[in-house]
Amino acid sequence: MIEKLNNLDRRWIFLLMFLAVAVPIYVIGKTGKTFPETPSALAKATFDAIDDLPDGSRILLAFDFDPASEGELGPMATAFVRQCAEKKHKMYFLALWPVGPQLIQANIEKVILPDFPSYEYGRDYVNLGFKSGNEGVIKVIVTDLAQLYPADIKGTPVEKIPMMDGIRNIQAMDLIVNVSAGYPGTKEWVQYAVTPYPDKIRIVAGCTGVQAPLLYPYIPQQLPGLLGAIKGAAEYEKLVNDRYGGPHPDPKYLEGLRRMGPQLVAHILMILLIIAGNTLFFLQRRRGTSR
Amino acid sequence: MKRETTVWLVVMLVGLAMLVAKGVVSGVGREYVQTEQKRFVQVEVPPPIGADADEKPTTQWLPAADAAARSLTPVPGSTELGWTAESPVTPRAYWEGMKADPSRTDLRLSVPRTIGLWVAAFFTLAIFSFLYRDNPFYKIAEACVVGVSAAYWMVVGFWDVIMPNMMAKLSPDSVRWAIPDVTGEPEWAYTVPLVLSIMLLWRLSPKGAWIARWPLAFIIGTTAGLRLVAFLHTDFLAQIRNSILPLAVVDQTAGFQFWPSFNNIVLVGAVLACLVYFFFSFEHKGFVGGVARGGIWVLMITFGAGFGYTVMGRIALLAIRLEFLMDNWLWLIDPTNIHTKIT
């Protein structure tokens with residue numbers, strides 16, 4: 001038996017993992033029920049950083065991710081836009097990743113256009129688009145925004161955009177919200193924007209799971225709020241829905257919470273597999289020494 | 001027939017049969033669009049009221065409806081421009097629209113978008129098939145990903161770097177057809193990066209490959225200089241500052257705070273233990289050895305947390321693909337209520 005388990009075809013593990021993820025997606029998709037979520041201190045700090053600002057504050061939303069990480073970061077990006085819109089903040093979108101502008105547009109079409117029809121382009125939100133240059137872009141726009149962004153994504157000169165009036169650089173923003181999938185991302189925003197201007201620039205971020213451990217050292221002085229992967233997104237979604245969603249929030253604002261179901265089952269399977277693997281290892285070792 | 005070939009054949013045939021059955025019974029992935037006719041005319045727009053007397057009318061392209069509403073006549077000899085714009089709508093919106101008015105022609109099934117959806121589903125399954133074993137479907141999907149990515153980055157590099165950052169600076173007039181908002185005179189300083197770029201490409205030449213070392217040295221030097229300062233500031237000095245914490249946290253009103261104090265002690269202790277582990281001037285024996293062992297534990301916990309986060313990220317990626325297959329493609333689930341049949 002031990003020998004058989006030891007030589008188990010790994011494809012059975014793949015099949016188990018497939019079922020562990022697929023079955024909860026199906027059940028949650030059919031029933032609409034989600035697992036309960038308790039927001040962590042970091043999620044609360046992120047939520048408060050946006051919520052404590054006076055209505056109409058200026059928020060720079062940097063969407064530094066692409067469709068490859070949309071599954072992890074999409075829900076938090078949507079929730080960020082929604083909370084900013086609920087608070088009537090002015091949103092300045094930009095991206096350091098080439099596909100970022102499309103994801104910005106997708107969120108505008110998902111959140112702002114249908115649910116906040118009074119929001120007007122150029123007055124309440126603007127899409128500044130993508131600029132190449134990675135951290136070089138951040139280094140420039142902390143002192144001179146117009147040098148790299150003379151026009152928005154539609155080609156409208158910034159002088160003709162009402163909400164750009166009086167914005168010389170990103171130090172004029174009340175908060176930076178970064179959704180980051182890697183390089184360039186939150187680390188670069190902390191390095192080139194927050195650390196050189198600690199009294200003027202504040203940032204909160206949402207990032208992929210791979211990045212999260214690398215960003216923890218910046219908490220809380222350099223990075224007061226961080227949403228780590230889909231778990232962080234689900235906690236943050238819960239906070240936003242509790243405050244603004246009403247008793248029956250729109251299902252499009254529950255993506256992160258829905259995706260925690262497969263996470264739970266898959267993690268339980270992982271833990272069981274680790275325990276099983278270690279048990280097999282020790283049993284085999286004991287048998288080896290007893291021979 | 002080999003056993004594995006038989007397994008593949010059975011899986012594919014069963015999958016195909018289930019797909020056909022699902023399509024017949026309750027429908028599968030389709031994309032719908034709403035079309036809108038856009039018409040523009042070239043008109044002479046008079047100066048606004050209150051403008052200077054010497055200001056002349058300007059020629060502009062305006063939506064035909066706007067021009068008609070403002071009683072502006074088209075410029076003689078100009079032709080009207082028009083196209084059909086498509087915006088995606090959900091199947092539910094399509095069904096509701098057609099139920100309310102079956103004669104509507106602006107709502108329709110989009111064949112290209114539907115093909116795109118099915119191609120995306122095919123590629124997702126093709127990539128998953130690698131988990132069973134390497135096969136031609138996986139190879140096709142892999143080659144397409146590599147090819148599309150390379151082409152995409154090339155196009156991005158050309159339109160977002162070379163055109164605006166070099167061509168538009170050196171010769172604004174020559175790129176105005178592509179970037180209309182380019183203004184100003186040529187900036188000859190940009191010949192320096194142009195020359196460096198050409199020197200970099202010299203690496204491909206059979207002779208004189210050493211010429212590429214000069215721009216490479218420039219790139220490495222500037223990048224190192226830029227990053228050194230940022231890392232020193234952010235990841236070294238600021239981290240030292242962040243690690244200097246009070247071990248006993250006392251609030252002026254609430255008095256001694258146990259958990260904040262505990263957190264700070266653990267944080268400072270863990271930092272010191274890790275530093276001792278990487279301190280090799282003393283042999284790791286006795287007290288130093290004990291602390292260093294503690295440092296290893298801290299590092300292992302950190303790696304474990306990193307692994308846990310990575311697993312979570314990877315499962316999220318798997319979940320989104322399965323969600324796509326079940327929701328957008330097979331219509332097995334409908335969490336956002338976009339393709340459930342209306343009665």
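A residue is taken as buried if 20 or more other C-beta atoms lie within 10 Å of its own. In this predicted model, Leu103(A) has 23 C-beta neighbours inside 10 Å and therefore counts as buried. Leu103(A) belongs to helix α5 of chain A, and, leaving aside residues up to four places away in sequence, it touches Phe63(A), Phe65(A) and Ala77(A). Thr78(A) is 25 residues from Leu103(A) along the chain, and the C-alpha atoms of the two are separated by 9.9 Å.

**The sheet of chain A**

Helix α5 (residues 100-115) of chain A lies across β1, β2 and β3 of chain A and runs at about 160° to β3(A). These strands are part of an open sheet of six strands in chain A, whose order is β3-β2-β1-β4-β5-β6 and whose pairing is parallel. The edge strands, each pairing on one side only, are β3 (125-130) and β6 (225-228) of chain A, and the twist from one strand to the next averages 15°. In general, strands of a sheet pair through backbone hydrogen bonds, either parallel or antiparallel. Three of the parallel pairings are set out below, each with one pair of facing residues.

| Strand pair | Bridges | Facing residues |
|---|---|---|
| β1(A) and β2(A) | five bridges | Ile59(A) and Met91(A) |
| β4(A) and β5(A) | five bridges | Val179(A) and Gly206(A) |
| β5(A) and β6(A) | four bridges | Gly206(A) and Leu227(A) |

Gly206(A) of β5(A) thus appears in two rows, standing opposite Val179(A) and also opposite Leu227(A) in β6(A).

How many residues of strand β5 (residues 203-207) of chain A are buried? Five of the five are, so the strand is largely enclosed by the rest of the structure. In a regular strand the side chains alternate between the two faces of the sheet. In β5(A), Ile203(A), Ala205(A) and Cys207(A) point one way while Val204(A) and Gly206(A) point the other way, and all are buried. The edge strand β6(A) likewise has both faces covered, with Gly225(A) and Leu227(A) buried on one side and Leu226(A) and Gly228(A) buried on the other.

**The nonpolar core**

The largest nonpolar core has 87 residues, and those with the most contacts inside it are Leu61(A), Phe63(A), Tyr92(A), Phe93(A) and Ile176(A). Helix α4(A) provides the largest share of this core, eight residues. Leu61(A), one of the residues with the most contacts in the core, touches Phe80(A), Met91(A), Tyr92(A), Phe93(A) and Val177(A) when residues up to four places away in sequence are not counted. Phe63(A), also among the residues with the most contacts in the core, is one of the residues that Leu103(A) touches.

**Chain B and the contact between the chains**

Chain B is divided into domain 1 (32-109) and domain 2 (253-324), and the centres of these two domains, taken over C-alpha atoms, are separated by 61 Å. The contact between the chains takes 43 residues from chain A and 36 residues from chain B. On the side of chain A that touches chain B, at least two residues each are supplied by α2 (10-31), α4 (70-86), α8 (186-194), α9 (212-215), α10 (229-245) and α11 (255-290) of chain A, and α2(A) gives the most, with eight residues. By class, this side of chain A has 22 nonpolar, 13 polar and eight charged residues. Helix α4(A) therefore has a part in two of the features described here, as a supplier of residues to the side of chain A that touches chain B and as the source of the largest share of the largest nonpolar core.

Notes: Residues are numbered from 1 along each chain as its sequence is written. Chains are lettered from A and ligands numbered from 1 in the order in which they are written. This is a predicted model: local features need pLDDT of at least 70, side-chain atom pairs count only at pLDDT 80 or more; totals for chains, interfaces and linings use all residues. Two residues are in contact if their C-beta atoms, placed from the backbone, lie within 7 Å. Ala, Val, Leu, Ile, Met, Phe, Trp, Tyr, Cys and Pro count as nonpolar, Asp, Glu, Lys and Arg as charged, and the others, Gly among them, as polar. Two strands pair if DSSP finds at least two bridges between them. Axes are lines fitted to C-alpha atoms, for helices over the stretch in contact, and angles run from 0 to 180 degrees between N-to-C directions. A residue is buried if 20 or more other C-beta atoms lie within 10 Å of its own, exposed if 12 or fewer, and partly exposed in between; C-beta atoms are placed from the backbone. Domain bounds come from an automatic or database domain assignment. A nonpolar core is a set of buried Ala, Val, Leu, Ile, Met, Phe, Trp, Tyr and Cys residues joined through C-beta atoms within 7 Å.
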